[in-house]
Amino acid sequence: MTSAVDPASGARLAPGPGPLVSRTVRLDPGVASSLLTLLPTDGPLAWVRRGEGLVGWGRAAEVRTSGPGRFDEADAWWSELVGHAVVRDEVSVPGTGPVAFGSFAFADDPGSSVLVVPEVLVGRRGDDAWLTTVGRGSIASTDLATPEPPEAPTGVTFADGALDGEAWMSAVATAVRRIEAGEVDKVVLARDLLATADAPFDVRWTLGRLAGSYPTCWTFHVDGLLGATPEMLLRRERGLVTSRVLAGTIRRTGDDEHDLALAAALARSSKDLEEHEYAVRSVAEALEPHCSSVNVPDSPFVLHLPNVMHLATDVAGNVHDPRGVSSLRLAAALHPSAAVGGTPTPAAVRLISELEGMDRGRYAGPVGWTDADGDGEWGLALRSAEVHGDTVRLFAGCGIVAGSDPEAELAEAQAKFVPVRDALAP
Ligand SMILES: C=C(O[C@@H]1C=C(C(=O)O)C=C[C@H]1O)C(=O)O
């Protein structure tokens, strides 16, 4: 669809007179039993976990924002758009009515971020399934056609990104020295890898592989950024906000008995517990001003993924003013948590830009969706990659504290590349 661009704001809207019109109808859950297989090649949007979630395509509206005001501008644009929308919704659960998928940059500079409102969205949550169509003025009826199956990539090769392994280990060693000198307590350092194929990547292939291999993660794709993240920055459902904080990692060996012993060691490791504590505290402190109560469990549990295990804590709170504090505003308040930035945040973020030698883009930024009521889910874009035609830039990072060993951190980062790396294979 061609769209009118407002040069002042960079916002795009589908052409035509009248407000945005959104219609949500109930679907037979069987139709939405395999959400990712509904996606067409062009402009697929996805947020799925264990077969539930949202997929969309087409662009009814979009806004691109940047810089330190990227969240506020996007939130204001969305409130204005849905404030004037005509909404017919026969399902009325979080994720029905008009929805925007979004992906936000990690850093303030340049901070390029995006919100996209699909023309067609299919959602599934428990026994509810729905179809939402969004347009301007009037909306055409939609048949869910079966798209062509995705194409497997061919001829994929990998190369180092900004820093090779040696150079990245030396950045980690510098970070440890700067921690010992008292500049920061914790800093998360990431690196990138570049993959190239013979032909443009069909992201639907990679999404299908990620969702199949990592069903407990949130598999996402928004405007070229894809991945399967285990970390939920926040979910807001009416007044309740929850966050799954991860920090402290150990690689799996493939031998279940040995992995259980490693999980027990992880739960006792003072280095990992310290790293984890910084991340939990940063989330709890950022939620407190917006919540009447915040609940933080006394100790973390161990989250088992096929490639790694993490220390994990589920933080929960009650938002005092759900109308005033949207999920997007909460994401702005929580980002960057110490799980992806460090402690204290401003000094850690400066050290990241000094030592990593790259722009993270939208890696480790919030990715997810919001509905018109401000409910939504924003994960951290980890185990992720940015796709441009026949090239893919993969990212992975690790929390560095005083006890960190550069070689072990490099091995941890390699393990975190595995999900996307494997999902790019034919
Ligand atoms: C930074 C990443 O992961 C983060 C860092 C972790 C750690 O250092 O233990 C664990 C989970 C994430 O919060 C990444 O996957 O790229």
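In which loop is Pro94 found? In this predicted model, Pro94 belongs to the loop that runs between strand S7 (86-89) and S8. Pro94 counts as buried because 21 C-beta neighbours lie inside 10 Å, where 20 or more are required. Apart from residues up to four places away in sequence, Pro94 touches Glu237, Asp371 and Asp375. A further pairing links distant parts of the sequence: Pro94 and Gly374 are separated by 280 residues, yet their C-alpha atoms are 9.0 Å apart in space. Ser92 is also placed in the loop between S7 and S8, and has a positive phi of about 50° although it is not a glycine. Ser92 is exposed, since 12 other C-beta atoms lie within 10 Å, and a residue with 12 or fewer falls in that class.

The confidence scores give the setting for these local features. The chain averages a pLDDT of 94, and 95% of the residues score at least 70. Over residues 1-9, however, the pLDDT is below 50, and this stretch has 16 contacts in the model beyond near neighbours in sequence. Where pLDDT is low, predicted coordinates should not be read in detail. The model as a whole scores ipTM 0.98 and pTM 0.96.

The domain assignment divides the chain into domain 1 (4-136) and domain 2 (157-202 + 237-423), with C-alpha centres that lie 25 Å apart. The contact between them takes 24 residues from domain 1 and 27 residues from domain 2. On the side of domain 1 that touches domain 2, H1 and strand S8 (99-103) each supply at least two residues, and H1 gives the most, with 6 residues. By class, this side of domain 1 has 17 nonpolar, 5 polar and 2 charged residues. In the UniProt record, an unreviewed entry, residues 166-416 are listed as "domain: Chorismate-utilising enzyme C-terminal"; over residues 166-416 the chain is 35% helix and 35% strand, and the end C-alpha atoms are 18 Å apart.

Helix H1 (residues 70-83) includes Arg70, which is counted as buried because it has 24 C-beta neighbours inside 10 Å. When residues up to four places away in sequence are set aside, Arg70 touches Thr65, Phe104, Ala105, Gly111 and Ser113. Arg70 and Ala332, although 262 residues apart in sequence, are 8.8 Å apart in space from C-alpha to C-alpha.

The ligand is surrounded by 18 residues, of which Thr249, Ala339, Leu382, Gly397 and Gly399 come nearest. Strand S13 (186-196), strand S17 (240-251) and strand S25 (391-400) are the elements that give two or more residues to this shell. Its residues divide into 10 nonpolar, 5 polar and 3 charged.

Several backbone features remain to be described. Most residues other than glycine have a negative phi, and most peptide bonds are trans. A cis peptide bond nevertheless joins Asp109 and Pro110, with omega about 0°, and Pro110 lies in the loop between S8 and strand S9 (113-117). The peptide bond from Thr343 to Pro344 is likewise cis, with omega near -10°; Pro344 lies in the loop between strand S21 (342-343) and helix H7 (345-355). Arg383, which is not a glycine, has a positive phi of about 50° and is located in the loop between strand S23 (376-380) and strand S24 (384-388). Arg383 is buried, with 30 other C-beta atoms within 10 Å.

Conventions
Residues are numbered from 1 along each chain as its sequence is written. This is a predicted model: local features need pLDDT of at least 70, side-chain atom pairs count only at pLDDT 80 or more; totals for chains, interfaces and linings use all residues. Helices (H or I, at least four residues) and strands (E, at least two) are DSSP runs, numbered from the N terminus. Two residues are in contact if their C-beta atoms, placed from the backbone, lie within 7 Å. A residue is near a molecule or strand if its C-beta atom, placed from the backbone, lies within 6 Å of it. Ala, Val, Leu, Ile, Met, Phe, Trp, Tyr, Cys and Pro count as nonpolar, Asp, Glu, Lys and Arg as charged, and the others, Gly among them, as polar. UniProt positions are given in the numbering used here, feature names are shortened, and annotations may be inferred rather than shown by experiment. Domain bounds come from an automatic or database domain assignment. pLDDT is the predictor's confidence in each residue, from 0 to 100.
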